[in-house]
Structures are given as structure tokens and as C-alpha cells.
Amino acid sequence: MGEINHVIPLLTPYRMGKFNISHRIVLAPLYRARAYNNVPQPHAILYYSQRATKGGLLISEATSISPSSKYPNSPGIWSREQIEAWKPIVDAVHAKGGIFFCQIVHVGRVSEEDGEAPISSTNKPLKSGNGMQPRALQTDEVPSIINDFRIAARNAMEAGFDGIEIHGAHGFLIDQFLKDQVNDRRDKYGGSLENRCRFALEVVEAVVEEIGADRVGMRLSPFSDYNECIDSNPQELGLYMAKSLNKHGVVYLHMVEPRWNISGENVESPYTLEPMKKAFDGTFIVAGGYDREEGNKAVAENKTNLVAYGRLFLANPDLPKRFEVDAPLNMYNRDTFYTHDPIVGYTDYPYLETTT
């Protein structure tokens, strides 16, 4: 308490490529399960605009690049209907001065049943979860998936987004190629670290070519075991990707803390993200269980440039304001994270009384 605004590190301005960011508090990409038939709905207009601030960076929920990537009640950006549905959501964020990146994804072997085997780097199914038998992509099929990422990025630009974040984390398709405990391929996309990273970097190259490196970020979680995606040397994987992304000039690298656990509780880890921060030339964003104090400390100590907040931002639409005045925070309700109600647990978290 008693801090003056300008000495709160999270509330200092920052230049991310060509974007003037007014504070370091980023809305993390959050699966909310409020889309219907893979089309974002009008209630998302209020949800995202509630969390928008002038010069604040928002990252959308994971948005699928093609009909072969289906996650329950999540949006896509492959069709005309989806592009048009995103436009008013993006417009509402821009009306409040916000900067909005669309996170694009193919979920790979965790895709919903739609009559066909989900595609992956491997034929190995998840031990838990959907129990479906995935199909390993043939080498000559990979370019068409890369092209789906390219088209999705172009579609996001048409919808008005300021940029896109390539989702290479949390056990979805790109992560299924990156991690050596999943990727068992014998072609140029499997085996060595360089080969396992090839698919991810070819996606990056295609998207950068399509919309420009200054509009492209990437999210990675080398230390995570989410969706049974594990690597035997996550530090080496993270460092290789950070250095490789420099060659493509992407504007940011968004990494999930080693301590992050899907349960929502942080765990002990011998690793940190600091080597990746030092290796990467652009803007570095961290995510994973940060509170106000930890976020301020990470920025003050130059361990990151920006901090992505998920559950706290979900429950506190005015999170930057609350951090500014060190106000109490609304507690999130985990039971309503992924319900389909367009209001409850979505747009009904209260603001501070002093805000309008």
C-alpha cells in the first residue's frame, strides 16, 4: 500500500515492436467454452471489452485453424461466419484502446470426435481423456496443415486483430511435434531436437511471411506435461526454440512457468525461464500463477517484460485498476470456468465501485 503509480512496475509503459503498451498486465489466452458450433458469440463482445484498457494487450482464447481441430465449445477462424463473428468483438476491444492478438491453434490428438481420427505427430493415443486413436500425419500432409495456420493468420487480420499468437503449448498439435515423449516420427519432423522443432518453425515462417513478424508471437510450455506432452530435456527445447524464433523476428515469446500446474496450484521446479528470456531478442511474456507482488518483482528484476494473468483477470475485469490501487480481488469460481452460460462466471464479475 502507499505506492505511487509510476513506481509500480506492472503499471509502467512498454514498447512491444510497433505497439505502445500502457501497462505490463496481459490478458492470458483462456479457454472459456462459450462459443457455439465453433463460432464466437455476441456475449464475447462484453467479456473481452470489459477487460480492455487503453494500450493494454489482450490475447484471445485458443481459436482453431480448421475443422479438423475441434475443442468443445471453442471458436474457430477458418470460415467466413467465424471471421464476421469476431469482427464486433475485436471492434469493442479497439473502441477502448486495447491491443488484441488472436491465439491460433490446432489441437491435434485431443480433438473432439467428428467421425475421423484426429491428426497428430504420432499414432499414440492419450492414456486418459478422449481415448481416440490419433493418426500420424504423413510427411507430405504437413504442408497443408502449415497452410491452414497461414490462412488462419490472414483471416485474423481480416477480422481486425492486431496480431496473432501461435499456440505451441499445452499438448496441442505443435507441442505434440516438439516433445520427445510424444513425437516418435522417423521422418524429417522427428528424432533430433532440430527435427522435432521443424514443424513449429515452418508454421512460424509461413505466418510471418503472410502477416509480418511484427504481428506474430508464440506461446510455448516446454516444462508442462499437460495433455501427456512431456519432453526429456525441456530446458534445451525451450532454449532452442527461443534462439530459433530470433531468426524469424517474431515480436514476442510467451512462455509458461515451469512451476505451473493444470490443477491451478504452483509446484516446485528446479527450472526457471531466465535462460530463455536472455536468449530471446524480442518481448518476453511469462504466465503461470503470478499475483501482484510476484508480477511487480519479475518486471522490476527484468525477468520478463510483460506478465500474462489468467484466473485473476477472468475474475477481475478491471485487474489493472485493482493492481494500481492495491484493491482486494474477486475470487474466481472454478466451477464456472468452462460452463456455457453467457453471463454467469463470464461477464458478471463485479468491478470496483470507483470504476465506471
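This passage describes the nonpolar cores, one helix pair and two asparagines with positive phi in a predicted model. Local features need pLDDT of at least 70 and side-chain atom pairs count only at pLDDT 80 or more, while totals for chains, interfaces and linings use all residues. Residues are numbered from 1 along each chain as its sequence is written, and side-chain values use heavy atoms, without hydrogens or water.

The largest nonpolar core (buried Ala, Val, Leu, Ile, Met, Phe, Trp, Tyr and Cys residues joined through side-chain atoms within 4.5 Å; buried means under 20% relative accessible area, exposed over 50%, partly exposed in between, with a 1.4 Å probe and protein chains only) has 83 residues. Ile77, Phe149, Ile164, Ile166, Phe199 and Tyr309 touch the most other members. Helix 5 (residues 193–211) gives the most to this core, 11 residues; helices are DSSP runs of H or I of at least four residues, and strands are runs of E of at least two, numbered from the N terminus. A second, separate core has 16 residues, including Val26, Ala28, Ile99 and Ala287.

In helix 2 (residues 80–95), Arg80, Ile83, Trp86, Lys87 and Val90 meet Asn155, Glu158 and Ala159 in helix 3, contact meaning heavy atoms within 4.5 Å.

Asparagine 38, in the loop between strand 3 (25–27) and helix 1 (43–50), has a phi near 65 degrees, a positive value in a residue other than glycine. Asparagine 38 is buried, at 11% relative accessible area. Asparagine 302 also has a positive phi, about 60 degrees, and lies in the loop between helix 8 (292–300) and strand 13 (306–309). Asparagine 302 is partly exposed, at 48%.
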